[in-house]
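Below are some notes for a colleague going through the coordinates. They take up the cysteines, two helix pairs and a few backbone details.

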Amino acid sequence: MKAIRKPGAVPGLVLCDAPVPEIRSGDVLIKVRRAGICGTDLHIQQWDQWSQHRVTPPVTLGHEFMGEVAEIGRLVQNIEVGDRVSAEGHLVCGHCEYCGTGHAHVCRETRIIGIDRDGAFAEYVSIPAANIIHIPDSIDDDLAAVLDPLGNAFHTVLHTDVAGRVVAVVGCGPIGLFAIGIARAAGASRVIAVEPHEGRRALAASMGAHDCLDPLEGDVEARIADLTHGYGAHVVCEMSGHPDGVRSAFRMCRNGGHVRLLGLPKDAVEVNLARDVIFKGLNVYGVVGRLMYRTWIEMRDFLVEGRLDIDPVITHRLPFDRFQDGFDAMNSGEAAKVVLALD
């Protein structure tokens, strides 16, 4: 089969021949039809400091995908050949205290497809049956391929109720853009996007942001205060990982509000905890992946019921063998979400 692999500990990726994965008794073999390029894949392609300490080549990349079941292991139930599916890309142990108490998303034994084992940038991928997610026919292939990052946004936004509240989204990459649409669909009274890139601000507006602010032009925190009668946002979703974005997220949040941290800083971030967190009584939540499997049910229902349109975020659709064009578009900032087609 064809696969996009990280062949060694150097920058770059290659499209090459690889063996079709063998499946065990509890696994499912999926013929991949669509795969999305994630920011994590960019880090691995560039072979930056994070990926050098996290990834052991050779490995096939890719954890955002959808496809069709090609084969099932002998112990697999409720999954049939031909089923249209995606999968939760975090593989957990299933028997620790976290997994047993509804907190599998923070299992200490988590392994991730496309990082710790071969992933979905290939014609076929092997997935444990417990991780398989069936896709309703009403959800388009391209949209089904990006449920993984969409789930990050759902987990971030819906950690607490946002109906009737002011939600600020700091950083409008693909997951931030998804978050804007989710907040609007969940009944937020006002959604404020904070993003320096003009094209991303335009996409934020198309996803439903009421206000799109450039942090490089003026005092964003003061402007948000003006928009909220001097109080600040009820909920701030920090999606950029930029140190300035993280610090600003705490300052733009109202006393007693909620800050959700999804963006990953490259280095330590200095924050005035006393002034900006403790004395404001903030609720701070670190977002890891998706809640297994509540988040997947929420996504399915929002999309099937037509409450959320994420199509504007998919800016590039390319054939599999043009993957480098997709990576280039993301590296340049031209693309939001890129989906590769394998059929």
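1. The structure holds 0 disulfides. This is a predicted model, and the statement concerns its sulfur positions, for which a disulfide requires a pair of cysteine sulfur atoms within 2.5 Å. In general terms, such a link is a covalent bond between the sulfur atoms of two cysteines.

2. Which cysteine sulfur is closest to that of Cys93? It belongs to Cys96, at 3.6 Å, and this is too far for a bond. Cys93 is partly exposed, its relative accessible area being 24%.

3. Cys253 also lacks a partner: the closest cysteine sulfur, in Cys237, is 9.8 Å from its own, again too far for a bond. Cys253 is buried, with a relative accessible area of 2%.

4. Helix α6 (residues 174-185) and helix α7 (residues 198-206) cross at roughly 25 degrees, and their axes come within 9 Å. Angles under 35 degrees count as roughly parallel, and α6 is therefore roughly parallel to α7. The crossing of α6 past α7 is right-handed.

5. On the α6 side, the residues that meet α7 are Pro174, Leu177 and Ile180; on the α7 side they are Arg200, Leu203 and Ala204. By class, the contact of α6 with α7 divides into 5 nonpolar residues, no polar ones and 1 charged.

6. A second pair consists of helix α8 (residues 220-227) and helix α9 (residues 243-252), whose axes lie 10 Å apart at an angle of about 30 degrees. α8 and α9 are therefore roughly parallel to each other. Here too the handedness can be stated: α8 passes α9 in a right-handed crossing.

7. Val220, Glu221 and Ile224 of α8 make the contact with Ser248, Arg251 and Met252 of α9. The classes in the contact of α8 with α9 are 3 nonpolar, 1 polar and 2 charged residues.

8. Pro243 is in helix α9. With a relative accessible area of 30%, Pro243 is partly exposed. Pro243 and Pro265 are separated by 22 residues in sequence, while their C-alpha atoms are 6.6 Å apart in space.

9. Two peptide bonds should be looked at on the backbone trace. Most residues other than glycine have a negative phi, and most peptide bonds are trans. The bond from Pro57 to Pro58 is cis, with omega near 0 degrees. Pro58 sits in the loop between α2 (49-54) and β4 (59-60).

10. Met292 and Tyr293 are likewise joined by a cis peptide bond, with omega about 10 degrees. The residue after that bond, Tyr293, lies in the loop between β16 (283-286) and α11 (294-304).

11. Where is Trp47 placed? It is in the loop between α1 (39-46) and α2. Its phi is near 55 degrees, a positive value in a residue other than glycine. Trp47 is buried, at a relative accessible area of 10%.

12. Asn78, in the loop between β5 (64-72) and β6 (84-87), has a phi near 65 degrees, again positive in a residue other than glycine. Is Asn78 buried or exposed? Asn78 is exposed, with a relative accessible area of 67%, whereas Trp47 is buried.

How values were computed
Residues numbered from 1 in each chain as written. Predicted model: local features only at pLDDT ≥ 70, side-chain atom pairs only at ≥ 80, totals over all residues. Heavy atoms only, no water. Axes fitted to C-alpha atoms, helices over the stretch in contact; angles between N-to-C directions. Helix = DSSP H or I, 4+ residues; strand = E, 2+ residues; numbered from the N terminus. Parallel < 35°, antiparallel > 145°, perpendicular 65-115°, else oblique. Left-handed = near helix turned anticlockwise from the far one by under 90°. Contact = heavy atoms within 4.5 Å. Nonpolar A, V, L, I, M, F, W, Y, C, P; charged D, E, K, R; others polar. Buried < 20%, exposed > 50% of the residue type's maximum accessible area, 1.4 Å probe, protein only.
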